[in-house]
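Here are a few exercises to work through with the model open beside you. Try each task before you read its solution.

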Amino acid sequence: DPSGREQGEARVGGVWVRGPSLMKEYLNRPDSTAEALREGWLDTGDLGFCLHGELYITGRAKDVLIVRGQNHDPAEIERAPWVLPAVRTGCTAAVSHRPDTGEAEEIWLFVERSRSAPHDADKEIERACKQEILKATAVAVDRVVVLQPGTLPRTSSGKVRRAEALRQYLASELAPPEEVSVSWLAKSWLQSWWAHFRWRLRRRGGWQSS
């Protein structure tokens, strides 16, 4: 639990590990080392629970939404709107944010509309998402941001990057990827060919850059 006491069976808590293969420190980062390592234990930053001798990972501690003193699992909020035909399954991100003009944290949901959904249906999608989340989790979402398909940033393994989505949105950088067209493919091919050509020249010693 937050105070460092071991949780009981089937209770979610922080996952700590230790063993002979555990790192000793972060190189030249004593503050990070002190934060991660505690009396020989490494705080992985994951959340999970033990049941019948097995460990189950439920998410990342940094992704937990803390609003008005209550903890909320972002995954539960994100899954609720997937039943809507206008929402892309697996393409939602729930985050907490305190606006500059606000006194408390708010829950925001980024949601990609399905390709079949009309572009003028954003208000209806917002309303439907709030209703489904309230019905499924009893959580009132403060804002729903409807995005074009493919807009949410992801990791190399395909997981939605919640914090990065919020950062890009606040910086007005959250935008859909460039559409694939003949000209886009031709441009990408030329860039790849030119990079390969330069690499071959360097290997042969026939061209140098400074």
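## Exercise 1: rings around a tryptophan

Trp108 is buried, at 3% relative accessible area (buried is under 20%, exposed over 50%, partly exposed in between, with a 1.4 Å probe and protein chains only). A word on the ground rules: this is a predicted model, where local features need pLDDT of at least 70 and side-chain atom pairs count only at pLDDT 80 or more, while totals for chains, interfaces and linings use all residues. Residues are numbered from 1 along each chain as its sequence is written, and side-chain values use heavy atoms, with hydrogens and water left out.

**Task.** Work out which rings link up with Trp108 into a cluster.

**Solution.**

Step 1. Search the whole structure for aromatic pairs, and you get four. Rings of Phe, Tyr and Trp (its six-membered ring) pair if their centres lie within 6.5 Å; planes under 30 degrees apart are stacked, over 60 edge-to-face, and the rest tilted.

Step 2. Take Trp108 and Tyr169: with 6.0 Å between centres and 85 degrees between planes, they're edge-to-face. Trp108 belongs to strand E8 (residues 106-113) and Tyr169 to helix H4 (residues 162-170), so this pair ties together parts 61 residues apart in sequence. Helices (H or I, at least four residues) and strands (E, at least two) are DSSP runs, numbered from the N terminus.

Step 3. Check Tyr169's surroundings: at 28% relative accessibility, Tyr169 is partly exposed. Its ring also pairs with Phe110, centres 5.3 Å apart and planes at 65 degrees, so that pair is edge-to-face too. Phe110, in strand E8, is 59 residues from Tyr169 in helix H4. Phe110 itself is buried, at 0%.

Step 4. Put it together: ring pairs join Trp108, Phe110 and Tyr169 into a cluster.

## Exercise 2: a charge over a ring

**Task.** Find what lies over the face of Trp108.

**Solution.** Look for NZ of Lys or CZ of Arg within 6 Å of the ring centre and within 35 degrees of the ring normal. Arg143 fits the bill, at 4.3 Å from the ring centre of Trp108. Elsewhere, the charged end of Arg29 sits over Tyr26's ring, 5.0 Å from the centre.

## Exercise 3: a threonine's partners

**Task.** Say what the side chain of Thr92 reaches at 2.9 Å.

**Solution.**

Step 1. Locate Thr92: strand E7 (residues 87-97). Thr92 is buried, at 3%.

Step 2. Follow its side chain to the backbone oxygen of Glu78, at 2.9 Å.

Step 3. Leaving aside neighbours within four places in sequence, the contacts of Thr92 (heavy atoms within 4.5 Å) include Leu109, Phe110 and Val111.

Note on methods. A polar contact is a pair of N or O atoms within 3.5 Å; within protein, one must be able to donate a hydrogen and the other to accept it, and residues adjacent in sequence count only if both atoms are side-chain atoms.
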